[in-house]
Amino acid sequence: MSRLISIVLILFLLPIVSFANTGTGLTHNLAAKTITITVPDKKLSITIDYSAGCMIKRLDINGHNTLSANGIQTGIQTKNGEYLSVRSKAVLTVTEGAGHFIIKGITYGDDVVKIAETWDFELKNGKILWSITRDYSNSAVLEDMAFPKWNFADLSVWKGGILDNGGMVWCKYLKQINDTYGVHTGGVTFWNAQSGDGLRITPTSKAGNSVASKYSHSNKNEFTCAQIISDSTLGQRYNLSRFVSKKADVFAPVEIKKGKVSVQYELQYVDYFAKYSRGTLNGIDALSVRELLNTTGRYGVVDNNIVGGNGWLTNWKCMHEPFFAQIGMALNDKNYTRNFSATLDQERDQAMLPDGRVLSRWHNVPGDEIPGTYNTQTGYYEAMWGYTVDSQTGYVINASEQFDLNGDIKWLKSHQESCERALAWLIKRDSNNNGIFEMVNNNVAEKKASDWLDIVWASYENAFVNAQMYEALKLWADCEKTLNNPEKSAYYHSVAERLKAAFNKPVEQGGFWSADKKQYVYWRDNDGSVHGDNLVTPVNFAAIAFGLCDDKTRIAQILGQIEQRTTNEHLFHWPLCFDSFKREEVSDGNWPFPKYENGDIFPTWGYLGVRAYTAYNKDIALKYVRNILAQYQKDGLSSQRYSRVTQHGLGEDILAGICTTITGLYRDIYGIRPKWNRMGLEPNMTEALNGTQFSYTLRDIVYQLKLNVNDYTIHTNTFSVNSKESFGVSGGRHKLTYYHNNQDTASLQIQSASAKPVKINVNSWNYDAISWTMLSKDTYNFTITGLDAGSVYQLLINNTIQHIKADSDGRVTLKKACNGTLNFQVKKSV
């Protein structure tokens with residue numbers, strides 16, 4: 001009898017006892033109607049509640065719930081109201097499959113459209129997969145959609161989210177209720193900068209579907225993220241705005257079609273500190289580098305195809321800024337690189353006029369344009385302040401440097417005609433045939449701008465624009481060479497050299513050099529009057545950084561006085577100019593001195609200063625790198641500029657270009673110089689930086705870098721190369737190519753008999769004495785190039801001498817089995 005009672009009690013209690021499948025990380029509480037899914041390392045867990053409708057009520061990261069009481073829900077909004085999965089009245093069915101749960105019967109909607117959803121959860125490879133299949137009862141237009149919506153507890157849960165288009169959402173910028181940022185991409189990695197915890201959400205939908213996301217500050221002070229799945233790319237609800245203040249509906253109404261739509265979200269815990277580590281940066285605040293690049297550096301990404309500097313809060317992008325490819329180089333994020341390639345494609349197609357003129361800006365609304373130039377469909381236009389001619393050079397410089405990152409010859413060729421037209425437009429502007437190119441405006445009396453300093457009336461022959469033109473010509477000449485157009489390459493080089501000669505003439509002879517002031521002046525009006533001899537830093541930095549000024553005396557005069565004056569004023573960074581422009585040379589917004597572009601601190605052009613100082617005095621360059629990182633610790637560099645007087649941040653128009661001092665650290669000090677067909681290193685290290693180590697990924701190859709003064713190593717899983725001098729390298733299984741000084745022509749090629757990694761130390765490489773040491777064991781074919789054609793050379797292998805002769809192309813090929821460490825030396829026979 002007692003046994004029978006026990007059996008009855010067990011059967012009675014079974015429905016309210018939890019069923020746990022601990023072996024798979026899935027726990028189903030039948031009584032509470034909850035399902036908990038936990039990854040094996042327990043760093044990520046979700047709890048689904050289907051007791052009243054359906055929602056994810058907990059999302060635990062390292063044991064801490066990140067969600068508000070609203071959890072994660074799906075839903076729609078029609079003109080009649082909002083309908084959510086949590087309000088589903090139907091009886092839900094739960095099926096446990098092999099390693100996953102399926103929840104069916106989630107229904108909601110109104111007379112406009114009814115929705116039936118199925119949620120499928122699976123634990124796989126340490127990740128949680130959440131598939132949502134939605135069946136629309138008929139076609140309709142929705143006011144909004146949550147497919148799904150993630151309601152995090154507040155804006156402090158995450159510092160922000162790194163988007164899979166290379167951009168980011170920074171929670172602190174969503175200051176007011178319903179401030180909303182919408183982008184046409186769905187993947188995001190949220191991170192907490194204190195704990196290092198991160199959550200990566202990766203959506204996958206069928207081909208042809210578009211995924212968009214919006215990030216918002218809810219009326220319950222939550223931080224929310226909602227994805228929208230549509231058949232076509234969503235439009236914007238308010239002009240072309242990606243960010244709207246105090247409005248939650250950033251996107252236009254969504255058209256849906258009758259039938260099923262599905263999406264899968266991959267949820268993954270991310271160790272943010274490890275995943276986004278900048279490595280060991282001795283002498284540098286590596287944590288600030290990481291945070292600066294992941295916030296301010298990414299902020300300029302407004303959306304897909306709109307990568308710029310002004311960022312999403314103000315919905316602005318300036319084409320007259322030449323440093324976005326460099327930011328991508330420092331960020332080292334393939335998503336940013338991909339998006340900026342697409343941005344240049346769009347600007348080629350939508351922002352270039354038939355005559356080659358590159359429009360200067362993109363904005364979400366009209367009002368900043370020369371009348372009649374704003375395109376309401378694309379957002380591109382000419383700025384009202386004047387024709388900023390540096391948009392020509394900005395496009396060409398960015399395209400040239402972007403090619404070194406994406407390495408895509410087909411992509412470069414698609415920009416060949418447009419880059420040539422952009423350069424031709426400016427080359428034609430030399431009416432007096434003196435080699436210096438002219439602006440659209442002629443003199444200060446017109447009160448128009450011609451470059452980035454848009455309320456300074458620089459005109460006619462503008463040194464800043466011409467310095468950028470010199471850089472554009474040199475870079476594009478190299479691209480023409482790569483595209484096998486030697487004649488065009490030579491032409492652009494010749495134009496650049498003529499410009500250089502004219503630029504460096506004294507002002508009395510029509511150039512820009514002022515011997516009296518020991519600086520390059522800013523511009524010359526068409527009446528011959530000279531303006532801007534007030535030590536304008538970007539003008540003088542550009543002349544040195546771009547190689548126009550290679551006179552060591554002039555370099556010392558310019559950089560010496562800039563450093564002395566910056567130090568005397570105790571400024572953390574360089575101002576745009578040290579002395580005042582004349583009253584008639586600037587707008588009211590620049591008066592009185594120091595104010596705005598007339599004397600305030602704009603770190604946007606920091607990379608030019610770092611590049612200029614690195615060759616002159618590396619310690620000075622490093623000082624300003626450290627200063628900008630210290631300022632980031634104070635205020636996040638969330639400003640347009642800094643007051644010359646107080647050194648406090650000013651301006652609501654936050655500039656991503658404020659991070660370029662750090663791009664200078666990577667390019668000019670660490671020497672990260674990727675090329676389209678190789679990885680390049682051209683370091684300028686100091687002893688304080690010795691021991692620097694970090695990884696760098698270029699076109700999906702991970703390079704491990706070790707940097708010391710005159711001691712540089714690059715290694716991958718297929719090779720290791722060490723040298724005392726700059727070099728470039730490419731390689732894979734069976735082949736290694738070494739480029740001395742990172743020049744375009746290969747110096748040494750090594751082919752191995754097996755697929756074992758190749759390890760080489762390059763001891764010296766000048767063509768009177770070449771020496772390298774093989775540290776790996778294999779049989780190798782060596783090809784040395786750049787020798788004197790037909791000349792005889794002495795080859796020493798561990799002091800064993802033989803003689804070899806270069807062929808008609810200056811090459812020598814030899815084969816050697818290396819069974820231990822072997823030293824090779826090649827010397828020209830006497």
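In which sense do S42 and strand S43 (residues 735-740) pair, and over how many bridges? Select both and you'll see an antiparallel pairing over six bridges. Helices (H or I, at least four residues) and strands (E, at least two) are DSSP runs, numbered from the N terminus, and two strands pair if DSSP finds at least two bridges between them.

Before you click on: this is a predicted model, where local features need pLDDT of at least 70, side-chain atom pairs count only at pLDDT 80 or more, and totals for chains, interfaces and linings use all residues. Residues are numbered from 1 along each chain as its sequence is written, and side-chain values use heavy atoms, with hydrogens and water left out.

Stay with the hairpin that S42 and S43 form: two residues sit between them, and His-734 in the turn has a positive phi of about 80 degrees. Now pick Gly-731; Leu-736 in S43 is its bridge partner.

Next, add strand S37 (residues 679-681), which pairs with S42 (residues 727-732) in the antiparallel sense over three bridges. There, Leu-681 stands opposite Phe-727.

Jump to the open sheet of nine strands, antiparallel in the order S9-S10-S11-S12-S24-S19-S18-S15-S16. Its edge strands, S9 (93-96) and S16 (168-170), each pair on one side only. Zoom in on S15 (residues 160-163), joined to S16 by three antiparallel bridges, with Ile-162 opposite Met-168.

Last stop: helix H5 (residues 324-331), where eight of eight residues are buried (under 20% relative accessible area, 1.4 Å probe, protein chains only). Among them are Phe-324, Gln-326 and Met-329. Just after H5, select Asn-332 and check its positive phi, near 60 degrees.

Note on methods: Buried < 20%, exposed > 50% of the residue type's maximum accessible area, 1.4 Å probe, protein only.
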